[in-house]
Structures are given as structure tokens and as C-alpha cells.
Amino acid sequence: MTRASTIDFGRKTRSQVNWSGPLRAVNVIRNKFPTYKNGSNGIVIKLADDPEMPSLKETVAKETADLLDRRQRPSVRELAIKFEKGLNTATLLSNEVKWRQVALLERDILLKNLKSVLESLRGQVAGKFKDEIEESVSMVDILAVQLSKRENELLQQKTEVTRIATSLKLASEDARTIVDEERANACMEIENARAAVQRVQQVLKEKENFSQRIGKQDVDELREKVQEARRVKMLHCPSKAMDIKNEIHVLRDQFAEMSSSSARLLKELELHQRFEENDAPSYELEGLESLGSMLRLVVRNNVSLSNASVQWFRVQPEGSKKELISGATKLVYAPEPHDVGRYLQAEVNLGGEISVAKTAGPVDPAAGLVDYVETLVRNPETEYNVVVLQVNGIGQPTDSIHVLCIGKLRMRLAKGKTVVAKEFYSSSMQLCGVRGGGDAAPQAMFWQPRKDLSLVLGFETARERNSAIMLARRFAIDCNIILAGPGDKTPW
């Protein structure tokens, strides 16, 4: 609140009153009355004005412009909040108008007191000071007129603020009503959605219970049928099945025995016919005509084969086209997978006279070997334990075990961490069974990874040797490469 200091001039004489100069003119342009206080030696000091505050009309205009600038339609809740804020702002502005009105009333009282003081001083002073007091009284009158005008403006602002507050209050009430309606609608929709979800869950639960009940019934019926079938099998079928199985085994053994007997008889008949036609030496092949066995060339009459030369051939089952087997010049020969389905024929040249010994039928595959190889094809790599028998035709000690790895793209032979050979499948690589003599021929394999290196590897069994050859050739075919032995003809 603005305070004015009153001076007791009655206690001082005219000479004791110490004026510093004429009174300064009041700034009638200001929004409020200036503030003064007493200084030392009776000097009146003007205090610094407070920072100017925006007028009520400017504040209302700013709030209205802010509301109009928000063109994007907010939600009902936000709209209600904004109306509440506007209502609060209008209330604060109305209170501020009241406070300013009270301040005006206080200023009127202060001006009246100041005017009465100046009137009292007018009668006590004379001369120059009296003129100054007259001037001050006139300025107080002018200030009173301006304050009355300011009061009228504040009354108009109060009326406008009251009107805006009333509008905002009505809008706030409307927004609150809309919010309540929307909340009620939203609650109704939520309840409807919850009821729909419950209905769907109930239907799904009933369907799941029905499926479980039906599945349980099917399982129970299937279990009863299985138990009934087992009971019938235990009561009736076991003896019949065992009898039939035994009969099948007996028939198979008899068929194999009759096949070997017929093959032996055919060989003997052919030999007898040749012996009767001419007195040339009679030769025949001993051994099983199947993969994994070894065929041996024998002579029936007492003839020495030390000076004879032997050459083995593959003969197509249809026609008499034969293919020379390079390197097969011994009295024994172990069939390899390339010989399956073909006849094997040995030609003996003794003193310029050529004699022929031929198998009675095509070479048979080993039982279960094809299925075993098909199982190995699914693996990316297959390892075999082998023994290196020869390197470039030179014999090697057989006390060290190597590992032969056959992969989809290459073959690798290693001993521990030492790699002996590692080559990709190529047209220069050769692979076949050993074509020389020896009892280990069915278990030995010839492998030439590159032109400057050839190896003879011994496997643990003939089955492993044949499966390794078939597996390597299968992977090589996938790489458009045909692995064959030395001198073998290939379709490419």
C-alpha cells in the first residue's frame, strides 16, 4: 500500500524549514501514485517504481487469443480442463480488479489527506512557498481527476471480466456435462466389450472342453482296440507267425544252396564240355560272385601257370562287349562296386594259346550296402580308419592308423594333425579297388589324389572299403566328376 509522510510544520519556525527546492511535478501518465519517504534532514526521497504489470484488458485479450489459436480440436477432458483454467483465471482477474478498486479508494483517502495538509500549509506560509503549495494543490486536483478516469476504466474492465467469467463458467459447465456424457458412453462401451470378451472366452472354453472330451474318447477307444489286437495276437498269431518266419528262413537257405549248387554244376558242365572238345587246359573261377569276395583263377589239369599271362575283363550282361580292367593281371581279383551287374572274365595266354574263364552270372551287390551308403550320404563328412599300405608303389609299415575323411567336396587323409593328402574332386583324381594280388585285396583301395601321388589304403572290412568307394563316387558325381580307376572308360 502506498504511504505518505506527514510533517509537523507547527513545531518549526519559518527559518528552520529547510527546502531543497520546489516540489517535483507528479507523473500523471503513470498507472499508480508515486511512492515517497522521509530522508535525512527532512528531505523527501522518491522510491523506485515497481516493475510494470500488464493491464487486466491485455491479460484477458492474451488468454482469449490463446484459446482461439488452438484450432486443433482437443479431447473433451482437455477442453474441460482448459475451461476450468479459464474460469480460475477470470476469477483471479476479478479479484485483482477488486483489489485495484480497494487501492483506488485508499488513494482517494490519501489524496484527500494530502489536500487537507496542503490547505493547512497554505495559511501558514507566504510568498514564494505559498505559490508552490498552490501549484501542488492544483496538481493534486489534476491527479484526482485522472484517478477518477482510471476508476471508470477499471469499472468497465470489471464488467467485461465478469461477462467473460460468466461465459467461461457456462462453457465449463457445458464441458463438464459433455465429459459426463462421454464418460457414461465410454463405460457402457467398455461393459459391452467386456461382456463380448467373456462370451467369446466362454465359447472357446466350451469348444476346448468338447475337443478334450472327444479326444479322450478317441484315445480310450484306440487304446481298447490296441489291447484287443494284442490279446488276439497273443492268443492266436504268435505261433503262426513264428512258423511262417521259420519256413521263410528254411526256404531262403534252400534256395541259396540250390543256387550255389546249380552255379557249380554249370561251371563243371562247361569245363567238361571244353575238355571233351579239345585237350586244352581247363580253367575256372573259384569264390563267391558278389561284392566283398575274391575270385581266384584255378586250372583243373596239372598245368603250370608260371609262364602264363592273365588279364581280367568286365563283360556287359547284354552282348559280348568287354572292357579291359587295367592292372588286373594276377590270378586273383577282388570285385569292386563298378563291377556289380557285370560278368567278370579272365583270359589266360599260355604259349600263344588263349583260354577263358568267366563267371556264371553277373556280380551281385553286397546285402544292405546300398541302404548303408544312402544313410552316409546324409552326413556332410564320413571318417574311416585306414592303414597306408603303399605310397607311389612303395610299401609302408602298417603299424600306424590314419583317418580318411570323405566329404561332399573333397577327400582328406590325415594322421593326427598331420595332413597327408587333401584334394577336391577333380578329373585328375582316380579311385578304385586294388587290382593286384594278396589276401587283403577285398579290403584295399587305390586312391590317386593328384598325378604325383598315389596311395593304397587298407580298411578294416570289405564293407567299409566298398562303402567308401561308393560314397566318394556319389559325392564326385554331385560335383560333375566321375571317379574311376586307371584306364577305365567313362561316359564323359
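The following dialogue reads several features of a predicted model.

Visitor: How many helices and strands does the protein have, and what share of its residues is buried?

Guide: The predicted model contains six helices and 17 strands. Of the 492 residues in the protein, 29% are buried.

Visitor: What share of the contacts joins residues 24 or more positions apart?

Guide: Among contacts with a sequence separation of 6 or more, 57% are between residues 24 or more positions apart.

Visitor: How should one read a pair of helices, and at what angle do H5 and H6 cross?

Guide: One takes the approach of the axes, then the angle, then the hand. Helix H5 spans residues 369-377 and helix H6 spans residues 462-478; their axes come within 10 Å and cross at roughly 55°. H5 is therefore oblique to H6, since that class holds the angles left over once those under 35 degrees, over 145 degrees and from 65 to 115 degrees are assigned elsewhere. The crossing of the two helices is right-handed.

Visitor: Which residues of H5 and H6 meet?

Guide: From H5 come Leu 369, Val 370, Tyr 372, Val 373, Glu 374, Leu 376 and Val 377, and they meet Arg 463, Asn 466, Ser 467, Met 470, Leu 471, Arg 474 and Phe 475 of H6. By residue class, this contact comprises nine nonpolar, two polar and three charged residues.

Visitor: What is the general idea behind a nonpolar core, and how many residues has the largest one here?

Guide: Nonpolar side chains tend to be buried together in soluble globular proteins. In this structure the largest nonpolar core has 30 residues, and Leu 404, Ile 406, Tyr 425, Trp 447 and Leu 457 have the most contacts inside it. At least two residues each are supplied by H5, strand S10 (381-391), strand S12 (402-407), strand S13 (410-415), strand S16 (444-450), strand S17 (453-458) and H6. The most are given by H6, with six residues.

Visitor: Which residues does Ile 406 touch, and what other core is there?

Guide: Beyond four places in sequence, Ile 406 touches Pro 380, Glu 381, Thr 382, Tyr 384, Met 411, Tyr 425, Ala 468, Leu 471, Ala 472 and Phe 475. A second, separate core has 16 residues, including Leu 295, Trp 312, Ala 346 and Val 348.

Visitor: How is a single strand residue to be read; for instance, is Cys 405 buried or exposed?

Guide: One locates the residue, then consults its accessible area and its contacts. Cys 405 lies in strand S12. Its relative accessible area is 3%, so Cys 405 is buried, the limit being under 20%. Apart from neighbours within four places in sequence, Cys 405 is in contact with Glu 381, Thr 382, Glu 383, Arg 410, Met 411 and Arg 412. Cys 405 and Ala 468 are 63 residues apart in sequence, with 9.4 Å between their C-alpha atoms.

Visitor: Where does Val 315 lie, and which residues does it contact?

Guide: Val 315 lies in strand S5, residues 309-315, and is buried at a relative accessible area of 3%. With neighbours within four places set aside, the contacts of Val 315 are Ser 320, Lys 321, Lys 322, Arg 342, Tyr 343, Gln 345 and Lys 358. One of these, Gln 345, is 30 residues from Val 315 along the chain, and their C-alpha atoms are separated by 7.0 Å.

Visitor: Where is Gly 433, and what does it touch?

Guide: Gly 433 is in strand S15, residues 430-433, and is buried, with a relative accessible area of 3%. Not counting residues up to four places away, Gly 433 touches Glu 336, Ala 444, Met 445, Phe 446, Arg 465 and Ile 469. From Gly 433 to Gly 485 the sequence separation is 52 residues and the C-alpha distance 7.8 Å.

Visitor: In the loop between S3 and S4, where Ser 290 lies, is that residue buried or exposed?

Guide: Ser 290 is buried, with a relative accessible area of 18%. Beyond four places in sequence, Ser 290 is in contact with Pro 335, Val 363 and Asp 364.

Visitor: Finally, what is phi of Asn 392 and of Asn 480?

Guide: The sign of phi is read together with the residue type. Phi of Asn 392 is near 55°, a positive value in a residue other than glycine. Asn 392 lies in the loop between S10 and strand S11 (394-395) and is partly exposed, at 42% relative accessible area. For Asn 480, phi is near 65°, again positive in a residue other than glycine. Asn 480 belongs to the segment after H6 and is exposed, with a relative accessible area of 57%.

Definitions and conventions:
Residues are numbered from 1 along each chain as its sequence is written. This is a predicted model: local features need pLDDT of at least 70, side-chain atom pairs count only at pLDDT 80 or more; totals for chains, interfaces and linings use all residues. Side-chain values use heavy atoms; hydrogens and water are left out. Axes are lines fitted to C-alpha atoms, for helices over the stretch in contact, and angles run from 0 to 180 degrees between N-to-C directions. Helices (H or I, at least four residues) and strands (E, at least two) are DSSP runs, numbered from the N terminus. A crossing is left-handed if the near helix is turned anticlockwise from the far one by less than a right angle, and right-handed if clockwise. Contact means heavy atoms within 4.5 Å. Ala, Val, Leu, Ile, Met, Phe, Trp, Tyr, Cys and Pro count as nonpolar, Asp, Glu, Lys and Arg as charged, and the others, Gly among them, as polar. A nonpolar core is a set of buried Ala, Val, Leu, Ile, Met, Phe, Trp, Tyr and Cys residues joined through side-chain atoms within 4.5 Å. Buried means under 20% relative accessible area, exposed over 50%, partly exposed in between (1.4 Å probe, protein chains only).
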